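Biologist: I would like to learn how to read the main features of a model like this one, beginning with the strands and then going on to the helices. Could you take me through them in turn?

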Amino acid sequence: MQREAFQKELLQRALKEGFTDCEIYYEATKTFEVLVLEGEISQYETSSQIGICFRGVYQNKMGYAYATALEEDTVNYCLHQAKENAKIIEEAEKEMIFEGSSFYPEMDNYNPALEKLSPKEKMAAAKAMEQGALQEYDQVSIDYCVLRTMEKTIAIANSKGLSLFHRKNGIAASVSTIAQQNGDVKTGSEDWRSNDWSAFSPKEIGRRAGQKAVSHLGAYSLESGEYKVLLENHVAAELLAVFAGVFYGENVQKGFSLLKGKLKEKIASSKVTLKDDGLLEKATGSVPFDSEGVAVRNKVLIENGRLESFLYNLKSAAKDHTTSTGNGFKGSYKDTVKTRCTNLYIQPGGKTPRTLMAQLGEGLLITDITGLHAGANAISGDFSLSAEGFWIERGQIVRSVEQITIGGNFYTMLKSIEEVGNDLKFIAPGANGTMGAPMLMIKRLSVAGI
């Protein structure tokens, strides 16, 4: 059956069979992935999947059913399973079927040119990424080199008349390199995401990955102490990703965030403006509606250092007697809705990285951090992370630095940001959404070294 016909029949049958409110969440994904090693295709895979989540109120309880095909038998299966599920489920809180937002933004995140690319063209691009790293540097070998194209379709229909559809696609490319010299071994990586194939420069992606690994050869540690620090853009984005949950309304309500009761208070440097913008042009986290059917919009969480808002899904918004911010998302069609960011980012300033290095004068530039899961407490904000980078004197890189640990507190660090760069970069670290930051200058961080 076609998707629209399936949705219509399932909704009509559900209402006839005693469901009072119901919803169909439809998700379809297509992926292509190719891995290259030593100029050869080491792995090549294409896959596609359809997933359906039907939920409906039956005898005053919400029942669920899941399926992977649009067939007549699927309609019967979903109705039967949802009824049985509703009979045995013990609901702690009432769920709701959303009637729809008053306005939905127009958004085109689908590039037809990507669909026309042949597997041969994608494989050639992946090989070019590897060549870019190997041809530039004799010391470099490849850890992994992968190129992936993705297409995702989301459609939501319910008994309250809501009918939404959105399709997006994109490219994700990643190269990880290993540089070796006189027994010294370093790694470097570079990632790129977009849905604009014309903007993709595979050899340049590879060259950057190789350059990062080579630049850290010959590194040594620092004396322990407190240092003025520059966080490279992707490092700042990684830290933001770890602590993004402190801005979720549901975490504030549960006591998992120290921001409870601090709305309208100054919690960061006046240089800091933090936004979650689901409408940001060409950003991979942009989408017109969330998994509950709520329209997505641009939200300012921190403005010039002052806490202005939290992020909400329908359930957490109801608890605070406010409206959803359009941040209720499923990880997949089988998952429950949780709060998640769209494009969460620190608004860039006007200074280039070179200008910030000159302003720093003497201090530490952090280019890599590890141990984010074990070394960061997402509730208290404390972190202690292995790091690498460069020592800077008179605004210039003097030498590479390794075997150090940076420690601090996320809440304190927000107040210690002295400057914000102009080189905004987004990363997609996982199911928490897309995170972005420019280079940040931090007044002081604790560094453990030799």
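**Reading strands, helices and the chain**

Modeller: This is a predicted model, and a good place to start is strand β1 (residues 19–37), which pairs with strand β4 (residues 140–158) in the antiparallel sense over 13 bridges.

Biologist: Which residue of β4 is the bridge partner of glutamate 33?

Modeller: The partner of glutamate 33 in β4 is arginine 148. β4 is also joined to strand β5 (residues 163–181) by 17 bridges, and these two strands run antiparallel; here lysine 152 has lysine 168 of β5 as its bridge partner.

Biologist: How many residues lie between β4 and β5 in their hairpin?

Modeller: Four residues lie between the two strands, and in the turn glycine 161 has a positive phi of about 95°.

Biologist: What describes two packed helices?

Modeller: In general, one gives the angle between the axes and the distance between them. Here helix α1 (residues 3–16) and helix α2 (residues 72–88) pack at an angle of about 35°, with their axes 10 Å apart, and their crossing is right-handed. The contact includes Phe6 and Leu10 of α1 together with Val75 and Leu79 of α2; by class, it has six nonpolar, two polar and three charged residues.

Biologist: Why does the radius of gyration of the chain agree with that of a compact globule?

Modeller: The chain has 24 Å, and a compact globule of 450 residues would have a value near 22 Å, so the two agree. Of the 450 residues, 51% count as buried, and the chain holds ten helices and 20 strands.

Technical notes
Residues are numbered from 1 along each chain as its sequence is written. This is a predicted model: local features need pLDDT of at least 70, side-chain atom pairs count only at pLDDT 80 or more; totals for chains, interfaces and linings use all residues. Side-chain values use heavy atoms; hydrogens and water are left out. Axes are lines fitted to C-alpha atoms, for helices over the stretch in contact, and angles run from 0 to 180 degrees between N-to-C directions. A crossing is left-handed if the near helix is turned anticlockwise from the far one by less than a right angle, and right-handed if clockwise. Contact means heavy atoms within 4.5 Å. Ala, Val, Leu, Ile, Met, Phe, Trp, Tyr, Cys and Pro count as nonpolar, Asp, Glu, Lys and Arg as charged, and the others, Gly among them, as polar. Two strands pair if DSSP finds at least two bridges between them. The radius of gyration is taken over C-alpha atoms; the globule rule is 2.2 Å times the number of residues to the power 0.38. Buried means under 20% relative accessible area, exposed over 50%, partly exposed in between (1.4 Å probe, protein chains only).
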